[in-house]
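Q: I am new to this structure. Please take me through one helix closely, then show me its wider setting.

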Amino acid sequence: MAGEYILSIDAGTTNCKAVIFDRSGEITGKSSIRMVSYYPREGWVEQNPYFIISAVKKVISQAIKIAGIDPGDIESAGITNQRETTVIWNRKTGVPIYNAIVWQDRRTENVMRKMENYITVIEEKTGLRPDPYFSAGKIQWILDNVEGAREKASKEELAFGTVDSWLLFNMAGSGPHSTDYTNASRTMLYNIRKLEWDNEMLELFNIPDSLLPEVEPSLNDFGSISISPGKEIPVYAIIGDQQSALFGHAAISKGMAKNTYGTGSFMLANTGNNIPATGSLIGTIAYGLEYKKVSYAVEGSIFSAGSSIDWMKNILNVKSYDKLEEMALKAHSSNAYLVPAFTGLGSPYWDPTARGTIVGLTHSTGRNEMARMAYESVAYQTEDVLQEVKKVTPVKELKVDGGLTRSQFLMQLQSNLSGLNIIKTNTTEITATGSAYIAGLASGFWKLDQLGAMSSTERKFSPDNSSGGARSGYFGWKQAVAISFGWEN
């Protein structure tokens, strides 16, 4: 039956997924492929742009097969993607001139140090802080370090895009060069107040405007992607992955907040029509369903969350996450801390020169205590961000998603630290859900007031009597973090 399903393409950092939803918001088919990252030098992180395209095509085909449907049964599609990751390609040939530089990459630290005198104007216009995390420095690096890139850019032969733009260019029949408000707001080149590319930012980073995509609302007709010969699906949504998770939680009212525990950890709180005074956080566009009309969010970005758990799992040679959590639960109380600043620290510290440290070790520190400190590091970093978010907007509860929410130990610790109810959704693919919701709204598949009812709770974690001990441990965490600052000068 035509038009009974929505396809969401989730082109993430660790996994690329395709998820198919029915009219009730239930998942009828999904497929996932592990992404491959390369680390050519210390602090550098890259992916093959062609692998991203092939992975997307493969998971779409597999998800459709698993759902047992025909491509013609799909009403529309949405794309959500890892943000800030930068691809530059030749407009005529479509050939990328360099690998995709991933958001985790830190090679532009020196560039960002030179921007410290411009912190105020950058924050005022873009909502962001000078940090290698964002796209502007990555674009500048490619133009300055790839032979012939500057010359080709001056001749308007090159195109820049985040992963969504790269997918559209390669998979849509007309090859549009477009992005949406949310992805544009992560480049450090986009004025989130005026909703346009900012000439002063382009001049500051020496980036020609001819590279840039057209910026559209997250809900928009982005053309059609070709699934197979004669089979095309209209794309009606593009949204960055963390904003998509916020929308997937139906957090469309001011003050609603979510935290995604993935490779990194990202907390967003909806601030409505108000551009947030961000302090040590960043301001961003939450979504835009209409032209020149958006909702804003305040965001805290933690660079090492799930990656910290993976690192400890490998160090301890533990085979499963369940085993690692079991070890953490057996640990004795300890004043030892892991600060996982493997690629610097994001919110609220913003120190790209910080490096990972373990402090407070004693003769009684064993494997179980090491496992526990990995989980604690994620909870403590999240509490750092939450305290800053509360300064901007009241938060009554925290909705959570991502792979680490499987850890009951972590979720309970988070509730104890924050004093808030932690609401775990029953939807395992919340990032994909957000872009599906927007694509469904665009095609009339769903109405806005239906979304809340489709997002239900799997479990609620409430603060218990051990909260005092959790807070005591947090004070030691702040001392440990201070030791990690300034190691890479």
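A: Here is a close look at helix α10, followed by the chain around it.

First, some ground rules. This is a predicted model, in which local features need pLDDT of at least 70, side-chain atom pairs count only at pLDDT 80 or more, and totals for chains, interfaces and linings use all residues. Residues are numbered from 1 along each chain as its sequence is written, and side-chain values use heavy atoms, with hydrogens and water left out.

Helix α10 spans residues 306-315. Helices here are DSSP runs of H or I with at least four residues, strands are runs of E with at least two, and both are numbered from the N terminus. Five residues of α10 are buried: G306, S308, I309, M312 and K313. They cover an arc of only 160° around the axis, which puts them on the same side of α10. That arc is taken from the directions from the helix axis to the C-beta atoms. Buried means under 20% relative accessible area, exposed means over 50%, and partly exposed lies in between (1.4 Å probe, protein chains only). An α-helix has 3.6 residues a turn, so residues three or four places apart point the same way.

What do the buried residues of α10 pack against? Their partners are α11 (321-330), β19 (337-339) and α12 (367-392). Contact means heavy atoms within 4.5 Å. Just after α10, N317 takes a positive phi of about 55°.

Now follow α12. E383 sits in this helix. E383 is buried, at a relative accessible area of 3%. Leaving out residues up to four places away in sequence, E383 touches Q414, L417, S418, R471 and Y474.

R406 makes a useful second stop. It lies in the loop between β21 (397-401) and α13 (408-418). R406 is exposed, with a relative accessible area of 59%. Beyond its neighbours within four places in sequence, R406 is in contact with Y321, E325 and K424.

Finally, step back to the chain. It has 16 helices and 23 strands. Of its 489 residues, 61% count as buried. Among contacts with a separation of 6 or more, 73% join residues 24 or more positions apart. The C-alpha atoms fill a box of roughly 65 × 50 × 45 Å, taken along the principal axes.
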